[in-house]
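Q: Please take one buried histidine-bearing corner of this chain as the starting point, and describe it closely before moving outward to the rest of the fold. I would like the cut-off behind each term stated as you go.

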Amino acid sequence: MTGETDLSPARLRHARFAIAAVFCAHGAVTGSFATRIPWIQDHAQLSAGTLGMALAFPALGAALTMPLAGRINHRLGARTALRVLLSLWTLALILPSLAPNLATLCFVLFVYGATAGMSDVAMNALGVETENRMGRSIMSSLHGMWSVGALIGSAAGTVAAHTGTDARLHHLIAALALTAAGLVAVRGVLDLRTDTDGEAPPHFALPPRSALFIGAIGFCAVFAEGASMDWSAVYLRDVLHTDAGLAAASTTAFALTMALARLVGDKVVDRFGAVRTVRAGGALATAGGLLVVTVHQPAAALAGFGLIGLGIAVVVPLAFAAAARSGPAPAQAIAGVATITYTSGLIAPSAIGAVADATSLVVSFGLVTLLAFALILGATVLRRRPVAAGASTANQDEPAAIRP
């Protein structure tokens, strides 16, 4: 990567805050959309089953188009690519509430997911480049800011829903505000370009081999995340026979521990390295899964889901960082890992349901526990490899030195 030459500590701090704001804006779109899904369902006159089918299309759109992000990044440069792709994503928030039927909704959700995935790749690639130049971990806190943005978006959406605001008006206002905020934030990120003498990445490519093992670790974490987010409340209600309020608290416990762990995770990674951090996280998540499936008490299940969230929180940020350092085309490698993790998020909820139908929810979360244990065994793939000049070359097993 080449580009601006001012890499002073003050400039890097400003770039870090700017890319954090980008992550926050990206997350706010997701939160804004999620809270109005019931309104969208009623507007398009969908059953629960057809809504579930439609909600698979964002992940499908993201998985199929994320490999294009590397080409866009190469052609436009990191800052311009992020400006374009983030704006497309924030403006795509307008589309779902306009859909009058199932076919239209599936199409617009495919577009919505495509813009989400490509902007996700662009911002993670630039986040890793910023981390490299700072010489210390920032990816976990960036993903924490995404969670903060999602909470902000969902809070605003909750208010809009309670006041009976039409989702078309709500999403139009939110999209314009988030687009403006995103454009301001992007002005402060690093202005980097891929070496023009190098070969341009293909328009569409399968994930590089270097990304496959790293993506497998991300797959395990995202599977556990999707399963816990979508099924923890059902587990407490159907297996432990709790009331609806306590069942909902399990999802809250999981989401909060994930967000908090991501916000403070960089200090842990800098102190212990990515491999040790993921191994410890895998141990915590495994312990949480064991609590859920072996101690059939509501308090144990709440603690267990909280431990799962705490244990897997930093895995995906570290997987993106490791992917970017795994080869000569960071955006393409990140796209490969992102494609694998998005696929995991797509299949996890339905896979848990299928296993539960065939056996029980306890067995389903036994599978989640095994995947959490796999993080302990596979953490070594996140060890930092030597990278090109200008990026951090510290071994990921050792604390990263803070460089000026």
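A: Leaving out residues up to four places away in sequence, His170 touches Ser32, Arg36, Ala156, Gly157, Ala160 and Thr165, where a contact means heavy atoms within 4.5 Å. This is a predicted model, in which local features need pLDDT of at least 70 and side-chain atom pairs count only at pLDDT 80 or more, whereas totals for chains, interfaces and linings use all residues. Residues are numbered from 1 along each chain as its sequence is written, and side-chain values use heavy atoms, with hydrogens and water left out.

His170 itself sits in helix H9, which covers residues 167-186; helices (H or I, at least four residues) and strands (E, at least two) are DSSP runs, numbered from the N terminus. With a relative accessible area of 8%, His170 counts as buried, since buried means under 20% relative accessible area, exposed over 50%, and partly exposed in between, with a 1.4 Å probe and protein chains only. Its side chain is joined to that of Arg36 by a polar contact of 3.2 Å. A polar contact is a pair of N or O atoms within 3.5 Å; within protein, one must be able to donate a hydrogen and the other to accept it, and residues adjacent in sequence count only if both atoms are side-chain atoms. Arg36 is thus named twice for His170, as a partner in this polar contact and as one of the residues that His170 touches.

Also within the span of helix H9 is Arg168, which forms a salt bridge with Asp166, the closest N and O atoms being 2.8 Å apart. A salt bridge is a side-chain nitrogen of Lys or Arg within 4 Å of a carboxyl oxygen of Asp or Glu, and by this rule the count comes to four. While His170 is buried, Arg168 is partly exposed at 36% relative accessible area, and Asp166 is likewise partly exposed at 27%.

Another of the salt bridges lies in helix H7, where Arg133 and Glu129 are four residues apart, about one turn of the helix. Their side chains meet at 2.6 Å, N to O; Arg133 is buried with a relative accessible area of 13%, and Glu129 is buried with 8%. A further pair is Asp238 and Arg237, whose closest N and O atoms are 2.8 Å apart; here Asp238 is partly exposed at 40% relative accessibility, and Arg237 is partly exposed at 45%.

Beyond these charged pairs there is the nonpolar interior. The largest nonpolar core has 108 residues, and those with the most contacts inside it are Ile19, Val22, Leu82, Ile312, Phe365 and Leu382. Helix H7, residues 102-134, supplies the largest share of this core, 14 residues. A nonpolar core is a set of buried Ala, Val, Leu, Ile, Met, Phe, Trp, Tyr and Cys residues joined through side-chain atoms within 4.5 Å. Once neighbours within four places in sequence are set aside, Val22 is in contact with Leu82, Leu86, Met123, Ala185, Val186 and Val189. Helix H14, residues 315-324, is mostly covered, with ten of its ten residues buried, among them Val315, Pro317 and Phe320.

Helix H11 offers both a covered and an uncovered example. Gly265, found in this helix, is buried at 4% relative accessible area, and apart from residues up to four places away in sequence Gly265 touches Ser140 and Val314. Leu260, also found in helix H11, counts as exposed at 55% relative accessibility. Leu260 helps to make a nonpolar surface patch of about 450 Å² together with Leu151, Leu256, Leu263 and Val264, and helix H11, residues 244-272, gives the most to that patch, with four residues. Patches are made of residues with over 30% relative accessible area and no salt bridge, like charges being joined within 9 Å and nonpolar side chains (Val, Leu, Ile, Met, Phe, Trp, Tyr) within 5 Å. Accessible areas come from the Shrake-Rupley method with a 1.4 Å probe, and for residues only the protein chains shown count as cover.

For the chain as a whole, the secondary structure comes to 16 helices and two strands, and 52% of the 404 residues count as buried.
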